[in-house]
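This report walks through one protein chain, moving from a helix to the strands and then to the charged pairs. Please keep the sequence and the 3D view open while reading.

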Amino acid sequence: MKKLLIPIILAFFSLNAMSQNETEVFPKNLKIENQELQLKGTGTRVKLWMDMYTLGLFVSDIKQDASLVVSNNETAVVRLNIISGLITAEKMDKAIREGFEKSTQGNPEAIQNEIEAFLNVFKQGVEKEDLFQFTYQPEAGTSISKNGEQLANIEGLAFKKALWGIWLGKNPVDKKLKAELFKN
């Protein structure tokens, strides 16, 4: 009986630790300056049957659909939590480039400088448990932080639309992930 009880207790504590971590990374509410944002949803990017990262979407109105979240000139946040040790800066660069290609329907040239500035953040390194936050504010543009440290700010609604479009657009990088973000 003891041999059975110990693994059950350990499993319980590890599940509890994972759910606490998830709550810290994706709280129900997030305050950006004076604005309260609500967690719209979370999802996991799966590639070749492996979990790569989790994504959380924070918006002011959780009733919005994906196209409104992408196109609106309103404060919104995307949090990207790396959960795989297989993700490197080079792989992230390649995946993000492909995402912008899809998001812009093959025409990323108009925001190419902004894309390069965004990708420079990942060149500093990507490791398991890194938390990236992309915060769009109409007057400030998109601020990019890693583990709480702001690394870049990119102006323009066009860039925000393309970045959010990677996960929420008409042709997202992962349709299942998009569905998970909007299942509520």
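The face of helix α4 that is turned away from its buried side carries the exposed residues Asn113 and Lys123, where exposed means a relative accessible area over 50%, buried means under 20%, and partly exposed lies in between (1.4 Å probe, protein chains only). Helices (H or I, at least four residues) and strands (E, at least two) are DSSP runs, numbered from the N terminus.

What is shown is a predicted model, in which local features need pLDDT of at least 70 and side-chain atom pairs count only at pLDDT 80 or more, while totals for chains, interfaces and linings use all residues. Residues are numbered from 1 along each chain as its sequence is written, and side-chain values use heavy atoms, with hydrogens and water left out.

**Confidence in the model**

The pLDDT, which is the predictor's confidence in each residue on a scale from 0 to 100, has a mean of 88 for the chain, and 87% of the residues reach 70 or more. Over residues 4-20, however, the pLDDT is below 50, and this stretch has zero contacts in the model beyond near neighbours in sequence, a contact being heavy atoms within 4.5 Å. Where pLDDT is low, the predicted coordinates should not be read in detail.

**Helix α4 and its surroundings**

Helix α4 comprises residues 112-123, twelve in number, and reaches 16 Å from its first C-alpha to its last, close to the 16 Å expected at 1.5 Å a residue; the expected span is 1.5 Å times one less than the number of residues. Which residues of α4 are buried? They are Ile115, Phe118, Leu119, Val121 and Phe122. Seen down the axis of α4, these buried residues fall within an arc of 135 degrees, so they line one face of the helix; the arc is that of the directions from the helix axis to the C-beta atoms. The elements that cover them include the helices α3 (89-103) and α5 (157-168), together with β5 (131-137), β6 (141-146) and β7 (149-154). Just after α4, Gly125 takes a positive phi of about 115 degrees.

**Strands and their pairing**

Strand β4 (residues 76-82) is mostly covered, since seven of its seven residues are buried. Ala76, Val78, Leu80 and Ile82 point one way from β4, whereas Val77, Arg79 and Asn81 point the other way. Two strands count as paired if DSSP finds at least two bridges between them, and β4 has such a partnership with both β3 and β5. The table gives these pairings, along with that of β6 and β7.

| Strands | Sense | Bridges | One bridge pair |
|---|---|---|---|
| β3 (residues 50-59) and β4 | antiparallel | six | Phe58 and Val77 |
| β4 and β5 | antiparallel | six | Val78 and Phe134 |
| β6 and β7 | antiparallel | five | Ile144 and Ala152 |

In the hairpin of β6 and β7, which has two residues between the strands, Asn147 takes a positive phi near 50 degrees.

Asn72 lies in the loop between α2 (66-71) and β4, and at 17% relative accessibility Asn72 counts as buried. Leaving aside neighbours within four places in sequence, Asn72 is in contact with Gln64, Leu157 and Lys160.

**Charged pairs**

Side chains of opposite charge can pair when their charged atoms come close. The structure holds five salt bridges, each being a side-chain nitrogen of Lys or Arg within 4 Å of a carboxyl oxygen of Asp or Glu.

One of them joins Asp174 to Arg45, with the closest N and O atoms 3.4 Å apart. Asp174 lies in the loop between α5 and α6 (175-181) and Arg45 in strand β2 (residues 35-47), so the pair ties together parts that are 129 residues apart in sequence. Asp174 is buried, with a relative accessible area of 11%, and Arg45 also counts as buried, at 14%.

Another salt bridge links Asp130 and Lys146, whose closest N and O atoms are 3.6 Å apart. This pair connects distant parts of the chain, with Asp130 in the loop between α4 and β5 and Lys146 in strand β6, 16 residues apart, and both residues are buried.

Within helix α3, Arg97 and Asp93 are four residues apart, about one turn of the helix, and their salt bridge brings the closest N and O atoms to 2.8 Å. Arg97 is partly exposed at 32% relative accessibility, whereas Asp93 is buried at 16%. Asp93, Arg97 and Glu116 are linked in a network of salt bridges.
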